[in-house]
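Open the structure in your viewer and set the display to cartoon. The tour below goes from one selection to the next.

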Amino acid sequence: MFRMTKRFINIIQGFYKENVMKHLYKFTSVFFLLVLLPLFADAAPVTPHLNTGDTAWMMVATALVMLMTIPGLALFYGGLVRRKNILNVFMQSFMLMAVISIEWVTVGYSLAFGSSTGALAPFIGGSHWFFLHGIHIGDISPYFISHSQPSGEIINGSPVMVGTIPHIAFILFQMMFAVITPALMIGAFAERIKFRGFLIFSVLWALIIYNPVAHWVWSSDGWLARMGALDFAGGTVVHINAGIAALVMAVMLGKRHDYQGHAVPPHNIPFVAIGAALLWFGWFGFNAGSGLAADGLAANAFLVTQIAAATAALTWALLEWFIGGKPTLVGVATGAVAGLVAITPAAGFVGVSGALIIGMTVSVVCFVMVAYVKTKLGYDDTLDAFGVHGMGGIVGALLTGFLASPLVQGGAKGFFYGNPHQLTVQTLAVLATLLYSGGGTFVLFLVVDKLFGLRATPKEEAIGLDEAMHGETAYTVFD
Amino acid sequence: MKKIEAIVRKSKFEDVKKALYEAGIEWFSYWEITGLGKSTEEQVVRGQVFESHFIQRYMLSIVLRDRFLGTTINAIIKAGRTGQMGDGKIFVYDIDEAYRIRTGETGPEALYNKENGNGIAK
C-alpha cells in the first residue's frame, strides 16, 4: 500500500516536473521571440494594415462631400434662380452625380491619380487603372497625408510608403470632388443652357480639364505637386478650376435675354439658406477628410473650416449692414460659402489666426467682385460662380502662400514664416490653372456649341428651362 | 351691391384691415400682387443695389351693400394713405347677383354684412 502510494506520488511529481519544464520552455521561447523579433523586422515580410478609425472617418467624409452636390449645391443654386428654372438646376446636379461617378471609375481616376511614363507623367495619369483594373478590395491607398506605413515593397533601397485606408475609399472620396467641381459651374450658366449640350460639355470638361489639373496638384508625379504647390482640399483643383471655367462659359453663352445688369431676386431664400447650410456641413468632410486620416490634422482642418466660414459670413453681413443698410440672409449664406471656398486650400496648413484672416479677406474681395466689378464689366454670371468660387479660390490659394504655418504641417511654410518662395509657387499654380482651365473651356465651348448647341432659345428661356428641357414644373404654375 | 377692389401697401395692410372692421365689413378676401410699370423700388441682392420695377402690394376684394360703399371707401383711403407715391388704387364695380350656397338666399341677404346683423350695420 505504502509502496504503491510512493510510486503514485513519483509519477505525479515526474508528470508535474515535465509539464512545468515544457511550459517554462514554451514561455521562454515566446518571450525571446517577442523581444527579439522586432530586431529582425527588416528581414521579415511586412504587410500593411488598414487603420479602421481612418477608414471609418473617410467613408463618412465621402458621404458628407456627396451631400454637398445633392442636395446642398442644388438647393443653394435652385433657390437663387427663378421658379421656372429650379428643376433644371436640380436636374443638372443629379445628372452630374450620375455621369461623373461613372466617368470616374471608368477613366477619370486613372487619368487623375494614375501614373504615366515619359514626358506626359507630370501632366496626366495613364490608362492602367481604367475601370479600376487591378485595384482589389484588400489594397491600401497609395495616397496619404499624415498617416503612412511601409508597404513592404522596396524600390532603390528605400521602402515604399502607403496610407492607412483602403484604396477604394480614396477613389470614392476623390470621386465626390470630381462630381462637385463641374456642378459648381452650374451657377454661371443657369437659366439659359441647353440640357443636352450641358451634359456633353460637362463630361468632356471633367475628362480633359478636371483630370489633368487634379493630376498636376495631387498626384505624386504632378508638376505642381513636385514644385511644392500647397492645395490641401482643392482650392486650385476644384474652385479656381471651376470658377474660371464658369466665367468663360458665362461670357461665351452671353447674357440671359431679360438680363437687366443686376441679380434677379432669388425665388426661394429658405432653399438658398438650407443649401448653404448643407454645403457648410458637407465641407467638414471635404476639408477634414482631405488629410485622409482621423487625426489632429483633420481636427485642425475642421476647426479652421468652421472659423473661416463663420468669419466670412459675419464679414459679409457687416458689409451689407454698412453699405446697403440691412444684412441679408442671401448675403450671409454667400459669405459663408466664400469663406469655405477660401479655407479649402489652406485647411491643412493654417491655424486659427490664418482662418480669421482668410475668412475676412475673402468676404471683402468676393463682395466687391459680386456687387461692383461684375456690374461694371457687365457679364452675366447668373449666380456668381466666378465671383464666389473663382475669386474665393484665388484668395485662398494665395493666402495659403502667405499664411502656411510650420506649426500645422512642419514642411509647409508660407511667406510670413520666412519662405517667400511658397508664394511664388502658389501664384504659379493659380496662373497655370486659370490659363489651362480658361483656355480649355474656351475651346471646349466652341466645339460643343458647334456640334450640339449650348444656348437655349429665347422661347425656351422665356417659358423656363424646367418646362422647356424637362416638361416639369416645380410649383405647378408658370412664371 | 358693389364690389371694391383695393390695392394697398403691405405696410398699411393692418391699418386698413382694422378700419374695415370698424366700418362694418366682416369678411373680405385678399392676395399678394406684383405690379410692373414705370415706378421702381430699391432692392438689394448680394450687395448689388438696383431699382426694381416689380412692386409688391396687397389686393383686397370686398362685396358689400350699396349703402356701405361710402364709409368703406373712406375707411380704406384714411387708413391706407401715407401721402407718398404708391399708396394704391380703389376700383368699384356693380354686382349683378349674389347667392349663399348653403341656404340659397339671394341678393344682399347672401352677403356677410347683414342689414341688421349683430348691430354692426351703421
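Which residue in E3(B) is the bridge partner of B:Ser29? Keep in mind that the model is predicted. Select B:Ser29 and then B:Ser61: B:Ser61 is the bridge partner in E3(B).

**The two strands**

Now select residues 29-45 of chain B, which are strand E2, and residues 48-64, which are strand E3. The two strands pair in the antiparallel sense, and 13 bridges link them. Next, pick out B:Gly35; opposite this glycine, in E3(B), stands B:Ile55.

**The turn**

Go to the place where the chain passes from E2(B) to E3(B). The two strands form a hairpin, with 2 residues between them. Select B:Arg46, which lies in the turn and has a positive phi of about 50 degrees.

**The whole sheet**

Show all of chain B. Chain B has 2 helices and 4 strands, and along the sequence they follow the pattern β-α-β-β-α-β. In space, 4 strands form an open sheet in the order E2-E3-E1-E4, with antiparallel pairing. Which strands stand at the edges of this sheet? Select E2 again and then residues 88-94, strand E4 of chain B: these two stand at the edges. Each has a single partner strand, so one side of each is left without a neighbour in the sheet. Look along the sheet as well: on average, neighbouring strands are turned by 15 degrees against each other, direction ignored.

**Chain B as a whole**

Zoom out until chain B fits the window. Its C-alpha atoms fill a box of roughly 55 × 25 × 20 Å along the principal axes. The radius of gyration of chain B is 17 Å, whereas a compact globule of 122 residues would have one near 14 Å. Of the 122 residues in chain B, 22% count as buried. If you display contacts within chain B between residues at least 6 apart in sequence, 74% of them join residues at least 24 apart.

**Where chain A touches chain B**

Bring chain A back into view. How many residues does each chain give to the contact? Chain A gives 16 residues and chain B gives 8 residues. On chain A, select helix H10 (296-323), helix H11 (329-343) and helix H12 (352-377); each supplies at least two residues of the side that touches chain B. H12(A) gives the most to this side, with 4 residues. Finally, colour this side of chain A by residue class: there are 8 nonpolar, 6 polar and 2 charged residues.

Terms used
Residues are numbered from 1 along each chain as its sequence is written. Chains are lettered from A and ligands numbered from 1 in the order in which they are written. This is a predicted model: local features need pLDDT of at least 70, side-chain atom pairs count only at pLDDT 80 or more; totals for chains, interfaces and linings use all residues. Two residues are in contact if their C-beta atoms, placed from the backbone, lie within 7 Å. Ala, Val, Leu, Ile, Met, Phe, Trp, Tyr, Cys and Pro count as nonpolar, Asp, Glu, Lys and Arg as charged, and the others, Gly among them, as polar. The radius of gyration is taken over C-alpha atoms; the globule rule is 2.2 Å times the number of residues to the power 0.38. A residue is buried if 20 or more other C-beta atoms lie within 10 Å of its own, exposed if 12 or fewer, and partly exposed in between; C-beta atoms are placed from the backbone. Two strands pair if DSSP finds at least two bridges between them. Axes are lines fitted to C-alpha atoms, for helices over the stretch in contact, and angles run from 0 to 180 degrees between N-to-C directions.
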